[in-house]
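Here is a set of exercises to work through with the model open beside you. Try each task before reading its solution.

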Amino acid sequence: METTRTLGRSGIEVSAVGFGCWAIGGEWQGPDGQPLGWGKVDDEESVRAVRRALDLGVTFFDTADVYGTGHSERVLGRALGRRRDEVVVATKWGNVFDPDTRTLTGSDDSPEHLRRALTASLRRLGTDRVDLYQLHIADADPERAARLRDTCEDLVAEGLIRAYAWSTDDPERAAVFAEGPHCTAVQHALNVLDDAPAMLRLCEEADLASVNRSPLAMGLLTGKHAGRAPLQEGDIRARPPVWLRGFGAGTGADPEWLARVEALREVLTADGRTLAQGALAWLWARSPRTVPIPGFRSVAQAEENAGALEKGPLDAARMAEVGRVLAGG
Ligand SMILES: NC(=O)c1ccc[n+]([C@@H]2O[C@H](COP(=O)([O-])OP(=O)(O)OC[C@H]3O[C@@H](n4cnc5c(N)ncnc54)[C@H](OP(=O)(O)O)[C@@H]3O)[C@@H](O)[C@H]2O)c1
């Protein structure tokens, strides 16, 4: 298949899979002690995984200033090093945090904070521009967000960002950003267990890329949670906040979600794909605008996820079969 896709109307070309850098930020928490990371990570392994991804043709990386309260951006910047110009770097702003205690303290939707946050992200990433800058307040007030959109246009003119997006699951909010000429994507949840037809329609109408967070349903679509292995302390999935779908408080993976993964296993792993690769292949077949950004924490995961590229999208017959399985047929 084409192993690259275009990021909406910007014309920016990226590998059809991007790498999501939330987990490699390590541990951090909410004001109430709620874990917001994925447990402990080994930074040297994260660096090796990013470099392996580069060697396998991955040219798109998604992070956020708040992941590990700055740590993810620093690790990504270090891993990319001199190869930074080979890739498209996406990061996000909108959250406020204390790096000393690795704690999220709130959010700030002001244009002044936007400029401050960008300066800090550029420093941590070791770069002079962000390729795709994303608003990380999913439910921000649309009128206030319109001011941020206009500030993003100024930042494009100043050469500090190339394009921007809103990270939100609400198509009406995404449409507010889409009015800006350099808005080129929306980042939203999408995977074979959790479709988003209204958002994909907007992407089609407004010529936006659909950047897919949680493409593996936070690991459920790798199949490894079927044995219900205990999750690490400090892993958000071990104590899921209300918005997190597919994991229950103290119970690990939700049995109903697991049952659907098992029902899909055969069709997704046909044609020699692993389950994770089948989940990515479903996303590519779902729309030509999708760019999944699976998370990773090891070289082995990087190889498996990047390895999906050469296998391409599911064909029409397999897509129809997925539809039948999900409909209970
Ligand atoms: N904008 C937002 O608000 C938002 C929200 C969520 C995510 N995101 C972005 O989207 C990215 C991906 O979404 P996500 O982190 O929610 O989850 P995901 O991509 O659905 O799942 C990723 C997790 O699955 C496991 N995994 C990945 N590849 C694997 C493989 N080949 N074999 C076995 N396990 C594998 C890893 O965790 P374990 O090894 O620990 O199981 C990994 O962290 C994030 O990194 C972030 O960049 C953005």
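**Exercise 1.** Find the strand that holds tryptophan 93, and decide whether tryptophan 93 is buried or exposed.

*Solution.* Start with the place: tryptophan 93 belongs to strand β5, residues 88-93. Strands here are DSSP E runs of at least two residues and helices are H or I runs of at least four, both numbered from the N terminus. The structure is a predicted model, in which local features need pLDDT of at least 70, side-chain atom pairs count only at pLDDT 80 or more, and totals for chains, interfaces and linings use all residues. Residues are numbered from 1 along each chain as its sequence is written.

Next, count neighbours. Tryptophan 93 has 28 other C-beta atoms within 10 Å and is therefore buried. (Buried means 20 or more other C-beta atoms within 10 Å of a residue's own, exposed 12 or fewer, and partly exposed in between, with C-beta atoms placed from the backbone.)

Then list the contacts, leaving aside neighbours within four places in sequence: Asp65, Leu114, Ala117, Leu118, Ser121, Tyr133, Leu135 and His136 touch tryptophan 93. A contact requires C-beta atoms, placed from the backbone, within 7 Å.

Finally, look far away: alanine 270 is 177 residues from tryptophan 93 in sequence, and their C-alpha atoms are 40 Å apart.

**Exercise 2.** Trace the open sheet and work out which strands stand at its edges.

*Solution.* Follow the order β3-β4-β5-β8-β9-β10-β11-β14: these eight strands make an open sheet with parallel pairing. (Two strands pair if DSSP finds at least two bridges between them.) Now look at the ends. β3 (19-20) and β14 (290-292) each have a single partner strand, so one side of each lacks a neighbour in the sheet.

Zoom in on one pair: β10 (residues 183-189) and β11 (residues 209-213) are parallel and share five bridges. Within this pair, glutamine 187 has valine 211 of β11 as its bridge partner. Add the helix that packs there: α6 (residues 197-206) touches β10 and β11, and its direction makes about 150 degrees with that of β11. Such angles run from 0 to 180 degrees between N-to-C directions, and axes are lines fitted to C-alpha atoms, for helices over the stretch in contact. Helix α8 (residues 275-286) lies across β11 and β14, at about 165 degrees to β14.

**Exercise 3.** Describe the hairpin of β6 and β7, and say which residue in it takes a positive phi.

*Solution.* First, the strands: β6 (residues 95-98) and β7 (residues 103-107) run antiparallel and are joined by four bridges. Across from valine 96 is glycine 106 in β7. Four residues lie between the strands, and arginine 102 has a positive phi near 50 degrees. For context, most residues other than glycine have a negative phi.

**Exercise 4.** Compare two further residues with positive phi, aspartate 207 and serine 214.

*Solution.* Take aspartate 207 first: its phi is about 60 degrees, and it sits in the loop between α6 and β11. With 14 other C-beta atoms within 10 Å, aspartate 207 is partly exposed. Turn to serine 214, whose phi is near 50 degrees. Serine 214 lies in the loop between β11 and β12 (247-248), and its 24 C-beta neighbours inside 10 Å make it buried.

**Exercise 5.** At what angle do α7 and α10 pack, and which residues meet?

*Solution.* Two packed helices are described by the angle between their axes and the distance between the axes. Helix α7 (residues 255-269) and helix α10 (residues 316-326) pack at about 170 degrees, with axes 10 Å apart. The two helices are therefore roughly antiparallel. (Angles over 145 degrees count as roughly antiparallel, under 35 as roughly parallel, 65 to 115 as roughly perpendicular and the rest as oblique.)

Now the residues: Ala263, Leu264 and Val267 of α7 meet Arg318, Glu321, Val322 and Val325 of α10. By class, this contact has five nonpolar, no polar and two charged residues. (Nonpolar covers Ala, Val, Leu, Ile, Met, Phe, Trp, Tyr, Cys and Pro; charged covers Asp, Glu, Lys and Arg; the others, Gly among them, are polar.) Arginine 318 counts as partly exposed, with 19 C-beta neighbours inside 10 Å.

Conventions:
Contact = placed C-beta atoms within 7 Å.
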